[in-house]
Amino acid sequence: MTRCVERVGLGATELLFCVLALFLMYVSPCGLTIASFLLTGGIFVCYWLIRRARARRIDAQGKYVLITGCDTGFGNSLARLLDSKGLKVFATCLSEQSEGAKLLKKDGSKNMRVLQLDVSSDASVLACLEQIKPICFKEGLWTLVNNAGIICKGDVEIQTMEAYKRIAEVNLFGVVRMCKAFLPLVRKCKGRVINVTSVRGLQAFCGDSGYVMSKFGLEGFTDCLRLEMRRFGVKVIHVEPGMFGLNTGLFNEENVERYKVLSKKLIDNVSDEIRTAYGQDYLDTYMRVPKMRPGSSDQDIQPMLDAFEDAILSCRPDSRYLVDGQRVDGDCTMARLRNVLPVFIMDPLYFYLRPLPKEAFYASTTSRH
């Protein structure tokens with residue numbers, strides 16, 4: 001039956017699924033039992049065929065994949081996963097001397113190359129391209145995974161313009177820079193571009209405006225690129241992680257200490273007016289940086305690795321993967337409801353799921369007296 005899908009086309013099968021569903025909605029209230037039964041059976045068959053067609057995998061052997069941000073977290077785990085499946089991986093790290101880069105060099109097969117790359121630098125991106133292009137010029141680059149990113153928390157009035165620019169330079173313009181450099185290699189084999197955005201590219205969060213605006217911008221860029229690349233046969237895909245932070249290198253010991261240093265500098269440089277308005281107790285909450293969960297492993301981010309694998313190896317990948325980081329992921333739930341519920345419901349729901357620290361109310365309560 002899957003050959004029927006191949007002949008008719010997956011798009012036509014999906015259209016038939018929708019038509020049958022609409023007919024079922026129409027005939028069910030009329031009490032037409034036999035018609036309802038037949039339509040339900042048709043819908044089930046279409047759904048089964050669609051799932052079978054989407055489950056088919058390409059032959060991964062020998063295909064080239066470039067991943068940015070492999071020092072820690074998703075990038076590091078994905079590089080090891082794809083290497084184990086026989087793909088030829090270019091694992092790029094901000095520093096070749098980082099612990100993650102050293103482990104990749106030690107544990108990776110001969111098909112893995114660990115390269116230095118700073119996505120915020122034109123010169124670094126060009127140097128990376130000059131190393132990779134001679135290797136995969138003939139076959140092309142099957143997948144470019146733009147995973148590198150940074151985060152720097154702070155309320156709008158407290159965060160510095162330098163931090164806003166730095167976050168955008170890496171999270172947004174770094175992706176643009178990589179796409180402009182490597183798209184010719186991706187087009188050569190009608191490959192894929194996977195941009196790792198975030199649930200924060202779909203839903204706003206307090207104290208996170210720099211990161212949020214960069215990810216909202218990346219969502220828009222990815223949509224534009226998907227439309228532009230369609231005529232070349234290149235698939236452009238969003239992968240949007242939910243609440244995975246404490247299971248990744250984002251909050252490892254080294255990064256936590258770096259965040260604390262940056263937060264201390266931020267607090268020390270705010271104006272007296274801001275310090276009075278927000279309260280010193282609230283500013284001090286910036287130093288409460290969560291730490292990576294002890295014993296975290298690839299198993300904790302398996303849903304993300306599954307999404308990456310499907311996006312890279314499926315014959316018919318989805319255009320968007322919003323991946324829950326927990327069994328009940330409040331952030332992803334809000335993102336899904338954002339375009340359904342009005343603001344007067346969404347805002348209270350946000351503060352119910354993510355209440356501000358009690359110190360945030362210090363200044364407002366005392367100023368009333």
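This tour walks through one structure, stop by stop, with something to select at each. The model is a predicted one.

**Stop 1: the sheet**

Start with the strands. Seven of them form an open sheet, in the order 3-2-1-4-5-6-7, and the pairing is parallel. Now find the edges. Strand 3 (112-116) and strand 7 (320-323) stand there, each with a single partner strand, so one side of each has no neighbour in the sheet. Look along the sheet as well: its neighbouring strands are turned by 15° against each other on average, direction ignored.

**Stop 2: strands 1, 4 and 5**

Select residues 64-67 and 143-146. These are strand 1 and strand 4, paired in the parallel sense over three bridges. Zoom in on Ile67; opposite this residue, in strand 4, stands Val145. Next, pick Leu66. Which residue is the bridge partner of Leu66 in strand 4? The partner is Leu144.

Keep Leu144 selected and move to strand 5. There, Leu144 has Val193 as its bridge partner. Strand 4 and strand 5 run parallel and are joined by four bridges.

Show the side chains of strand 4. In a regular strand, side chains alternate between the two faces of the sheet. Here Thr143 and Val145 point one way, while Leu144 and Asn146 point the other way. Are these four buried or exposed? All are buried.

**Stop 3: two helices on the sheet**

Stay with strand 1 and strand 4, then add helix 4. This helix packs on the sheet and touches strand 1, strand 2, strand 3, strand 4 and strand 6. Its direction makes about 165° with that of strand 1. Add helix 5 too. Helix 5 also packs on the sheet, touching strand 2 and strand 3. The direction of helix 5 makes about 155° with that of strand 3.

**Stop 4: Ser98**

Select Ser98, in the loop between strand 2 (88-93) and helix 5 (99-107). Ser98 has a relative accessible area of 17% and is buried. What does its side chain reach? One polar contact goes to the side chain of Asp71, at 2.9 Å. The side chain of Ser98 also reaches the backbone oxygen of Ser95, at 3.0 Å. Set aside neighbours within four places in sequence, and Ser98 is in contact with Asp71 and Cys93.

**Stop 5: aromatic pairs**

Now turn to the rings. A pair of aromatic rings is described by the distance of the centres and the angle of the planes. This model has six aromatic pairs. Select Phe74 and Phe244. Their pair is edge-to-face, 5.8 Å centre to centre with 85° between the planes. Phe74 lies in helix 4 (residues 73-84), and Phe244 in the loop between strand 6 (235-241) and helix 10 (253-268), so the pair ties together parts 170 residues apart in sequence. Both Phe74 and Phe244 are buried.

Go on to Phe205 and Tyr350. Their ring centres are 5.8 Å apart and their planes at 70°, so this pair is edge-to-face. Phe205 sits in the loop between strand 5 (192-196) and helix 9 (209-229), and Tyr350 in helix 15 (residues 343-353), so the pair ties together parts that are 145 residues apart in sequence. Phe205 counts as buried at 7% relative accessibility; Tyr350 does so at 8%. Add Phe351 to the selection: ring pairs link Phe205, Tyr350 and Phe351 into a cluster.

**Stop 6: charges over rings**

Select Lys63 with Trp142. Lys63 lies over the face of Trp142, 4.6 Å from the ring centre. Then select Arg187 with Phe232. Here the charged end of Arg187 sits over the ring of Phe232, at 5.3 Å from its centre.

**Stop 7: Lys190**

Move to the loop between helix 8 (173-188) and strand 5, where Lys190 lies. Most residues other than glycine have a negative phi. Lys190 is not a glycine, yet its phi is positive, about 50°. Lys190 is exposed, with a relative accessible area of 54%.

**Stop 8: helix 14**

Finish with residues 330-337, which make up helix 14. Buried residues here are Gly330, Asp331, Cys332, Met334 and Ala335. What covers them? The cover includes strand 7 and helix 15. Last, select Asp329, which caps the N-terminal end of helix 14. One of its side-chain oxygens lies 3.1 Å from the backbone nitrogen of Asp331.

Methods: Residues are numbered from 1 along each chain as its sequence is written. This is a predicted model: local features need pLDDT of at least 70, side-chain atom pairs count only at pLDDT 80 or more; totals for chains, interfaces and linings use all residues. Side-chain values use heavy atoms; hydrogens and water are left out. Rings of Phe, Tyr and Trp (its six-membered ring) pair if their centres lie within 6.5 Å; planes under 30 degrees apart count as stacked, over 60 as edge-to-face and the rest as tilted. Helices (H or I, at least four residues) and strands (E, at least two) are DSSP runs, numbered from the N terminus. Buried means under 20% relative accessible area, exposed over 50%, partly exposed in between (1.4 Å probe, protein chains only). A charge sits over a ring if NZ of Lys or CZ of Arg is within 6 Å of the ring centre and within 35 degrees of the ring normal. A polar contact is a pair of N or O atoms within 3.5 Å; within protein, one must be able to donate a hydrogen and the other to accept it, and residues adjacent in sequence count only if both atoms are side-chain atoms. Contact means heavy atoms within 4.5 Å. Two strands pair if DSSP finds at least two bridges between them. Axes are lines fitted to C-alpha atoms, for helices over the stretch in contact, and angles run from 0 to 180 degrees between N-to-C directions.
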